[in-house]
Structure formats: C-alpha cells, structure tokens
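Grab a pencil and work through these short exercises with the structure on screen. Try each task yourself before you read the solution.

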Amino acid sequence: MNLVTKGAGSKALMAEGDMSLTGGKITVFTEGDALYEDGDLSSSAGIRSKGVLTMKDITLGIKSTGTGSKGINNVGNVVVENCRATIIASGATHKSNGLDSRSRGVDTDGNLTLNGGVLLVKSYDEPLHLKGSLSFLNNAVYCGYQIEE
C-alpha cells in the first residue's frame with residue numbers, strides 16, 4: 001500500500017481509536033506544515049491513532065515533511081512486533097499563538113514496545129518522544145538520528 005497526502009495538518013492513516021497494521025508493506029508520504037485550528041496545533045503525520053497502535057510483521061516506510069511533522073503521532077501505547085520500519089520526520093519547529101510543534105519520528109503519550117525487528121528513525125527534533133516507557137524484547141534494534149540545524 002502506498003499513501004501520499006499533502007496539506008497543512010494532513011494525516012495519511014488516522015484512527016479515532018485503536019489501529020492494527022498486520023503483514024505486508026506500507027509506504028507513506030505526508031507533506032504539509034502544522035496547522036493552528038480551534039486553539040491547538042495539528043501536525044502532518046504519517047500515522048495518527050488515538051488508541052493503541054499495533055504493527056506486526058510489516059515493512060513500513062514513513063516520510064513526513066513540513067514544520068512540526070510527525071512520522072507516528074499516537075495517544076496510546078505503540079507496539080511494534082517483528083517489523084522493519086524506517087521513519088523520517090523533517091521540518092523545523094512550528095510556532096503559532098504561543099504553541100509550538102516539533103518534528104518527531106515517533107511521538108506517543110503512552111509506552112513504546114519493540115518486540116523483535118528494526119526501527120530506524122531520523123527526525124529534525126526528537127527521533128522518539130515518549131511520555132511512557134520504552135521496552136526492547138527479543139533482539140529488537142533501534143537507531144535514532146537527530147537532524148542538525
């Protein structure tokens with residue numbers, strides 16, 4: 001599956017609740033700056049879920065460009081099992097009405113669990129931004145790279 005979205009605050013895959021991606025290959029491109037709307041900033045994101053995001057046995061490529069862009073932007077926990085994922089979030093910090101949105105590869109309010117596989121993340125600001133914990137199981141590999149100004 002190949003997905004391309006363009007526009008301020010655009011999302012390629014979005015769920016109001018849980019999202020599960022299993023098997024196959026997914027390539028996602030988003031392009032657009034963060035958007036100030038209804039008192040909040042909305043960033044472009046390859047994947048946006050407001051519940052638990054589970055990815056299992058997939059090859060995933062995400063490239064999200066524009067100010068404040070996110071590769072994965074999630075409210076709940078993120079579980080990655082036996083995947084090969086490459087995530088790029090490029091774009092400077094977006095500031096508007098006293099708020100700011102920073103480019104991040106994976107941004108979640110929950111935990112991130114890597115169970116086998118490889119996660120490669122390159123981001124303008126933070127490769128990983130977690131409010132919860134990070135767990136590595138079964139030889140999982142993570143490599144993060146921050147793009148320098």
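**Exercise 1.** In which strand is the place of Ser123? Then work out whether Ser123 is buried or exposed.

*Solution.* Keep in mind that you're looking at a predicted model. Step one: find the strand. Ser123 sits in β15, which covers residues 112-123. Step two: check the relative accessible area, which is 0% for Ser123. Step three: compare that with the cut-off. Buried means under 20%, so Ser123 counts as buried.

**Exercise 2.** Which backbone nitrogens does the side chain of Ser123 reach?

*Solution.* Start with Arg104: the Ser123 side chain gets to its backbone nitrogen at 3.5 Å. Now try Asp125, where the distance from the Ser123 side chain to the backbone nitrogen is 3.4 Å.

**Exercise 3.** How many helices and strands does the protein have?

*Solution.* Count the strands and you get 18; count the helices and you get zero.

**Exercise 4.** What radius of gyration would a compact globule with 149 residues have, and what does the protein have?

*Solution.* First, the expectation: for 149 residues, a compact globule would come out near 15 Å. Next, the model's own value: 14 Å. The two agree. For another view, put the C-alpha atoms in a box along the principal axes: they fill roughly 45 × 30 × 25 Å.

**Exercise 5.** How many positive and negative side chains are there, and how far apart do the centres of the two sets lie?

*Solution.* Tally the charges: 14 positive and 16 negative side chains. Then compare the centres of the two sets, which are 5 Å apart.

Note on methods: Residues numbered from 1 in each chain as written. Predicted model: local features only at pLDDT ≥ 70, side-chain atom pairs only at ≥ 80, totals over all residues. Heavy atoms only, no water. Rg over C-alpha atoms; globule rule 2.2 N^0.38 Å. Lys, Arg positive; Asp, Glu negative; His and termini not counted. Charge placed at Lys NZ, Arg CZ, Asp CG, Glu CD. Helix = DSSP H or I, 4+ residues; strand = E, 2+ residues; numbered from the N terminus. Buried < 20%, exposed > 50% of the residue type's maximum accessible area, 1.4 Å probe, protein only. Polar contact = N/O pair within 3.5 Å; in protein donor to acceptor, adjacent residues only side chain to side chain.
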